[in-house]
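Work through the following exercises with the sequence and the model in view, and try each task before reading its solution.

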Amino acid sequence: MAIKRRNVILAGLVLVLLGLMVSGTTATAAEKEKAGHPQLSQQEMLIDCADCHREATPEIEKEWFGSVHGIAMVKCYQCHGTFEEFAVTPTRATCGTCHADMLQKCPQDRPCWECHVPHAFKEKKSDGK
């Protein structure tokens, strides 16, 4: 009986610790989303986004560079805003600035990046296709 009780207590402690870990991860992700872009000096604001992101997030910069938007030289601020109004995640309205016709064809309750790979803008293939 004592062994069962100890196992139940240990299982409970493990669940509590897992819950704390998950809530801590969620809070950290939410804080990062809220924080947006790191603070930049006036001089750093003059540098093209891709110049820093080539080092800071090379996989995203490379994905963007080879995309239709990269080839067309659509700049980061056109989707993500300026440093003063930076948004990690653009809104549907932002996409609609250039793609109003496509927004009419797409599900109204889903953001564009649920159907298209962010930055590459390739259609995501579902497992059934």
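**Exercise 1. Decide whether Arg110 is buried, partly exposed or exposed, and describe its salt bridge.**

Solution. Arg110 has 31% relative accessibility and therefore counts as partly exposed, where buried means under 20% relative accessible area, exposed over 50% and partly exposed in between, with a 1.4 Å probe and protein chains only. Next, Arg110 forms a salt bridge with Glu114, their closest N and O atoms being 3.0 Å apart; the term requires a side-chain nitrogen of Lys or Arg within 4 Å of a carboxyl oxygen of Asp or Glu. Glu114, at 40% relative accessibility, is likewise counted as partly exposed.

This is a predicted model, in which local features need pLDDT of at least 70 and side-chain atom pairs count only at pLDDT 80 or more, while totals for chains, interfaces and linings use all residues. Residues are numbered from 1 along each chain as its sequence is written, and side-chain values use heavy atoms, leaving out hydrogens and water.

**Exercise 2. Find which residues are linked with Arg54 in a network of salt bridges.**

Solution. Begin with Asp51, which forms a salt bridge with Arg54 at 3.2 Å between the closest N and O atoms. Arg54 also forms a salt bridge with Glu61, where the corresponding distance is 3.6 Å. Asp51, Arg54 and Glu61 are thus linked in a network. As for accessibility, Asp51 is partly exposed at 39% and Arg54 is partly exposed at 42%, whereas Glu61 is buried at 10%.
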